[in-house]
Amino acid sequence: MLAAIVLLNFKDIEKTGLEIKDACNNVDEASLNNYLEKTKQVKNKKQFEKIDKELHEVAEKISKEAQRRSIEGATRLFGQLVNLCVKCHVTFCK
Ligand code: HEC
């Protein structure tokens, strides 16, 4: 993703945004429950889902910006995306 932005390769950004969006959609409920139980974070499930949803939305927007060939829009949103990766990992990866 970062390389795609640096090289101004809009097709790649578009594709990567969609891949992240699809990956988020594919997180299945059972695996998530399993993970949260194993790491004793079941009570924080709502928060996990909230961050996950935000990530999904930002990824979709990145694809749209890339389709419009807006490097400024895609780059700004990429910053938000990375913040969400970090936010979730800091909170949930125990
Ligand atoms: C809603 C929460 C959440 C968000 C958002 C999130 N992650 Fe994760 N990520 C996790 C959790 C939980 C794990 C640990 C999974 C495990 O231990 O099985 C993980 C693990 C990973 C790993 C290690 C995978 C492995 O096989 O060990 C990578 C790489 C990763 N995330 C990248 C990202 C990137 C890049 C983003 C942003 C585009 C992101 N994640 C956003 C929750 C999230």
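**Exercise 1.** Work out how many of the 10 residues of H3 are buried.

*Solution.* Start with the terms: helices are DSSP runs of H or I with at least four residues, strands are E runs of at least two, and both are numbered from the N terminus. A residue is buried if 20 or more other C-beta atoms lie within 10 Å of its own, exposed if 12 or fewer, and partly exposed in between, with C-beta atoms placed from the backbone. Now count: the number buried in H3 is 0, so this helix lies largely in the open.

Before going on, keep in mind that this is a predicted model, where local features need pLDDT of at least 70, side-chain atom pairs count only at pLDDT 80 or more, and totals for chains, interfaces and linings use all residues. Numbering runs from 1 along each chain as its sequence is written.

**Exercise 2.** Find where Lys-40 sits and decide whether it is buried or exposed.

*Solution.* First, place Lys-40 in the loop between H3 (29–38) and H4 (45–67). Next, check the backbone: phi is positive, about 55°, although Lys-40 isn't a glycine. Finally, count neighbours: Lys-40 has 9 C-beta neighbours inside 10 Å, so it's exposed.

**Exercise 3.** Do the same for Arg-69: find its loop and its exposure.

*Solution.* Arg-69 falls in the loop between H4 and H5 (71–92). Its phi is positive too, near 60°, and again the residue is not a glycine. With 12 other C-beta atoms within 10 Å, Arg-69 counts as exposed.
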